[in-house]
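Reader: I am new to reading structures. Could you take me through this one, and say what each term rests on?

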Amino acid sequence: MNLLCIGISHYTAPLDIREKLWFSSEETSQILSLLKSIGIGECVMFSTCNRTELYVLTENNMLPSEEIKGILITQKSAEGKVQLSDLFTLSAGEAARHLFRVAAGIDSMVLGDVQILAQVKEGFQLATELGTAGIFMNRLFQLAFRAGKRVRTETEIGDGAVSVSYAAVELAEKIFDDLNKKSALVIGAGETADLAATHLRGKKIGKLFITNRTQEHAEQLAAKVQGTVIPFSNLFNTIYDADIVISSIEVNRFILTATDIQRALKRHGNKTLFIIDIGVPRNIDPEVKNIENVFLYDLDTLNLMVEENLRKRGAEIPKVEAIITEVLAELTHWYSSLEVNPTITALTQFMENIRQEELAKNINRFDPKDRELVELVTKRIINKIIHAPIVNLRNGQETSLTERLQRMSAIQKLFGIANLSKEDPNA
Amino acid sequence: MINAFNYTLPIIYFALVWTYGKAFFADKLWAKRAKTPILIGTIALHLLSLAVRAITFRHPPVTTIFEIFTALACSVAVTYYVIELYSKHKETGYFILNIAFFFQLASSIFIKDTPEVPEILRSPFFGTHVSSALLGYAAITIAGAYGLMYLMLYHEMKATRFGVIYKKLPTLETLERMTFTSVTLAFSLLSIAIFFGFVWLNRAIANPNYFDPKFIGTIVIWAIYGFIVIAKTLSGWRGRKVMILSIVGFLISIFSMTIINIFFSRFHKFY
């Protein structure tokens, strides 16, 4: 398999290096067009905050991988800042396996990351639009998407929250049916509060109130997550309207006591109240936990949840690897079936089967003394029909790999011999 | 034939519950795939058995407590199937069908053949009374099961245990809504059952005893469900308290249907 993968990821380089090789969609288009202009038939590239990867279908006379690495670095004007050794190179089956592992989320910084599959799809979509993804890349990436989908439906690699802020939102989703009909109050505007508010907005929370001692920070966060700013002095009145409270500020005393919450519940119509305290030191009196219909979780609980979820995801890796091996076998089989000799054999066999079938049905209509002649004539007809396609296939070995694959695929599709050659690629 | 059903049904219900348990606790793929077809098969067999019983003895099989138990098991299974079919929550079957299994087991052990039906049980008022009571008890059972699931999830979440109960059960809000819907249905159906039972009783029995334990037990159950409906609607009663009451209502119902009916009631025994 003439596949090459060149990339940079969190395994090979730190963030300050990786970010120098981050390509926007426009930059990706430029580099794909450039590679196409220098004679690379098929290439796909995607770039995320944790990785930039370029997949190339190589030819015998193609540029060495070091030169492609150089092109990537030059294109981003990162000479001297990014070394060739910061990038990795994988080839053939290993490159394909790597792509499947990426799509499955087991090569991600956060094990079982679900977003990566969409990012890989975007990269492939762009290459398709630019015409740099041909028959091989199409098959390779479709199989990668299938691997990603199977992994997510057949294993639990993506189950459970693996960040504190997401764990908080996941817990809320276990209590409330539809977050769209609920109100949330986020106390604080720091990084954790920001993440929690973003996740809540992502889950289409109905109303999102933000409050902070420094109103300006609250306003910035509110603008980002389309929330409503509440003055910090009005905190207690807002709790009455909230179903979810997430608190993450630095204080030396509890900002909400059990009495505050009990009072809020009475005005709240005894509805269920979900409170997350991710402040250090704690912002909310732990006694609140004992109030009926109130669910209070602190940072320790959320961290435990995240650790447990990561452990469970890790235990799923063997199942994921098994799926990837299956999909990789499918790719290898398909690729082998596209080689010239198996295709010619399959085509010849296909025609011979038709000839024999028709002869068997009609041979009795011929006089016994003519039967040998009929056998000979039909063989000649078949040989003449397949002569031109066979010659063209054989001559095609001197053309580019992409063109060869296209011819092979066209012949297989036209004569319906794809399955025949898949059953026995060596036939 | 009837005996064959009596032996077969508890075994099939056990297999059904076991499959649902495997799907819920062990996450077995085969169990997830097989559970609904087995449920459909069980319901079909159960309906057939009730039809055979009705044809053989020439009356609907709801004239004795253990006939009612088998009809109740079937009603619970059918109700659950409808829930599974029309809602997105397909993981609660283990808890609900367990109750159906125990109803069927008790019925199969104690049920007797009833070829002759007393004349007073042939009244249309009695038919309406029994039908609505049967559906009411099915709603009570479902409410009790959902209430139990709510409490299990509530305590798991309060205790910060995030195991299979946390993972598989629907949200607390869904469980609360399903419990309350069942409670409201139970209250409405029990109201109908009591009304028609009262009308029928006055026609069927001269000088009926309104202080009969069965009568008092039924009024207590009806009052509990009425209280839940009113308290939740008007006073904002929510969550744990409502669930505890729905479970208490279910347990009293079972007590009323079995112990009170068999040992203490005079007017509600017809054989």
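Reader: How many residues does the contact take from chain A and from chain B?

Author: The contact takes 15 residues from chain A and 13 residues from chain B. Two residues are in contact if their C-beta atoms, placed from the backbone, lie within 7 Å. This is a predicted model, where local features need pLDDT of at least 70, side-chain atom pairs count only at pLDDT 80 or more, and totals for chains, interfaces and linings use all residues. Residues are numbered from 1 along each chain as its sequence is written, while chains are lettered from A and ligands numbered from 1 in the order in which they are written.

Reader: Which element gives the largest share of the side of chain A that touches chain B?

Author: Helix H12(A) does, with three residues. Helices (H or I, at least four residues) and strands (E, at least two) are DSSP runs, numbered from the N terminus. By class, that side of chain A has five nonpolar, five polar and five charged residues. Ala, Val, Leu, Ile, Met, Phe, Trp, Tyr, Cys and Pro count as nonpolar, Asp, Glu, Lys and Arg as charged, and the others, Gly among them, as polar.

Reader: Why are H1(B) and H4(B) called roughly parallel or roughly antiparallel?

Author: The axes of H1(B) (residues 2–25) and H4(B) (residues 93–110) cross at roughly 165° and come within 9 Å. Axes are lines fitted to C-alpha atoms, for helices over the stretch in contact, and angles run from 0 to 180 degrees between N-to-C directions. Under 35 degrees counts as roughly parallel, over 145 as roughly antiparallel, 65 to 115 as roughly perpendicular and the rest as oblique. H1(B) and H4(B) are therefore roughly antiparallel. By class, their contact has 13 nonpolar, six polar and no charged residues.

Reader: What makes Ile68(B) count as buried or exposed?

Author: Count its neighbours. A residue is buried if 20 or more other C-beta atoms lie within 10 Å of its own, exposed if 12 or fewer, and partly exposed in between, with C-beta atoms placed from the backbone. Ile68(B) has 21 C-beta neighbours inside 10 Å, so Ile68(B) counts as buried. Ile68(B) is found in helix H3 (residues 65–86) of chain B. Not counting residues up to four places away in sequence, Ile68(B) touches Val62(B) and Leu134(B).

Reader: Why does Gln226(A) count as buried or exposed?

Author: Gln226(A) has 10 C-beta neighbours inside 10 Å, so it counts as exposed. Gln226(A) sits in the loop between helix H9 (215–225) and strand S7 (228–229) of chain A. Its phi is near 55°, a positive value in a residue other than glycine.

Reader: And what does Asn293(A) count as?

Author: Asn293(A) has 19 C-beta neighbours inside 10 Å, so it counts as partly exposed. Its place is in the loop between S9 and S10 of chain A. Pro281(A) is also found in the loop between S9 and S10 of chain A. The peptide bond from Val280(A) to Pro281(A) is cis, with omega near -5°.

Reader: How do you know that the span of H7(A) agrees with its twelve residues?

Author: The expected span of a helix is 1.5 Å times one less than its number of residues. For the twelve residues of H7(A) that should be 16 Å; the end C-alpha atoms are 17 Å apart, which agrees. The buried residues of H7(A) include Ser165(A), Tyr166(A) and Ile175(A). What covers the buried residues of H7(A) includes helix H7 (172–204) of chain B.
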